[in-house]
Amino acid sequence: MKWLRTHWQRALLISIAAIFLAIFLVLEVFSRGAAAIFNQAMTEQDMLKGTITAEKIVAHVTGDVNFTNLEWRDPEGRLILRVPEGHFHARPWDVVTGHLKSTTIQELTLKDAEVSVHLADDMTVDFVRGSRDMKQVKEEEEDWQKKVSLVGKSEEERRRIGEFRRKKRAEKMAKQ
């Protein structure tokens, strides 16, 4: 007790340093938790093809996230995107509830990014998967005869187009 009375300043300084160290360690653990959430979200996402990894991610309670050395590679291992340093803002409520979607990220800043775009045979980017809704729209057959005006057509052509439309309508009704 006598030592504490004479060296109280040193004890206070050591206590404050210990508290700051504890706070730093807790924040580092939370940051690693953000990295775990990021990695989990990247494995569960189905919009982007390939794998996305980041060396370090630091997240704040406000939804601000800083990352370093982010890499996105396609399924064949080719580099699509490399970002030495970047920042994004995520909606905290989406992260807390686990409802991660394309609107979760509100703002994205990439510094000194390198992008490599590969095109598929039909000249579309090949690293973004088409949405299920777009696939359904593409699967619905759009025939030119549905949009053809009957004005100026012969009776035989109008009959053929009418039969085609009735057949397509019947097929659509059978599917329902």
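Is E85 buried, exposed or partly exposed? With a relative accessibility of 40%, E85 counts as partly exposed. Keep in mind that you're looking at a predicted model. Here's a quick tour of how some of its strands pair up, and of the salt bridges among their side chains.

**Strands β1 and β2**

- Let's start with β1, which covers residues 51-59, and β2, which covers residues 64-73; the two run antiparallel and are joined by eight bridges.
- If you want one pairing to look for, try K56, whose bridge partner in β2 is T68.
- Between β1 and β2 sit four residues, and the two strands make a hairpin.
- Check out G63 in that turn: its phi is positive, at about 100°.

**Strands β2 and β3**

- β2 also pairs with β3 (residues 79-90), again antiparallel, through nine bridges.
- Here you can look for F67, which has G86 in β3 as its bridge partner.
- These two strands form a hairpin as well, with five residues between them.
- The turn holds G77, which has a positive phi of about 95°.

**Salt bridges: the E71 and R82 pair**

- The structure has nine salt bridges in total.
- In one of them, the side chains of E71 and R82 meet at 3.2 Å, N to O.
- E71 belongs to β2 and R82 to β3, so to speak of distance along the chain, they link distant parts that are 11 residues apart.
- Both ends are partly exposed: E71 has a relative accessible area of 23%, and R82 has one of 28%.
- There's a bigger picture here too, as E71, R82, R73 and E114 are linked in a network of salt bridges.

**Salt bridges: the R78 and E76 pair**

- R78 and E76 bring their side chains together in a salt bridge of 3.3 Å, N to O.
- E76 counts as exposed, with 59% relative accessibility, while R78 is partly exposed at a relative accessible area of 37%.

**Salt bridges: back to E85**

- Remember E85 from the opening question? Its side chain meets that of K111 in a salt bridge, at 3.7 Å, N to O.
- Because K111 lies in β4 (residues 105-111) and E85 in β3, this pair ties together parts that are 26 residues apart in sequence.
- K111 is partly exposed, with a relative accessible area of 43%, and E85 counts as partly exposed too.

Methods: Residues numbered from 1 in each chain as written. Predicted model: local features only at pLDDT ≥ 70, side-chain atom pairs only at ≥ 80, totals over all residues. Heavy atoms only, no water. Pairing = 2+ DSSP bridges. Salt bridge = Lys/Arg side-chain N within 4 Å of Asp/Glu carboxyl O. Buried < 20%, exposed > 50% of the residue type's maximum accessible area, 1.4 Å probe, protein only.
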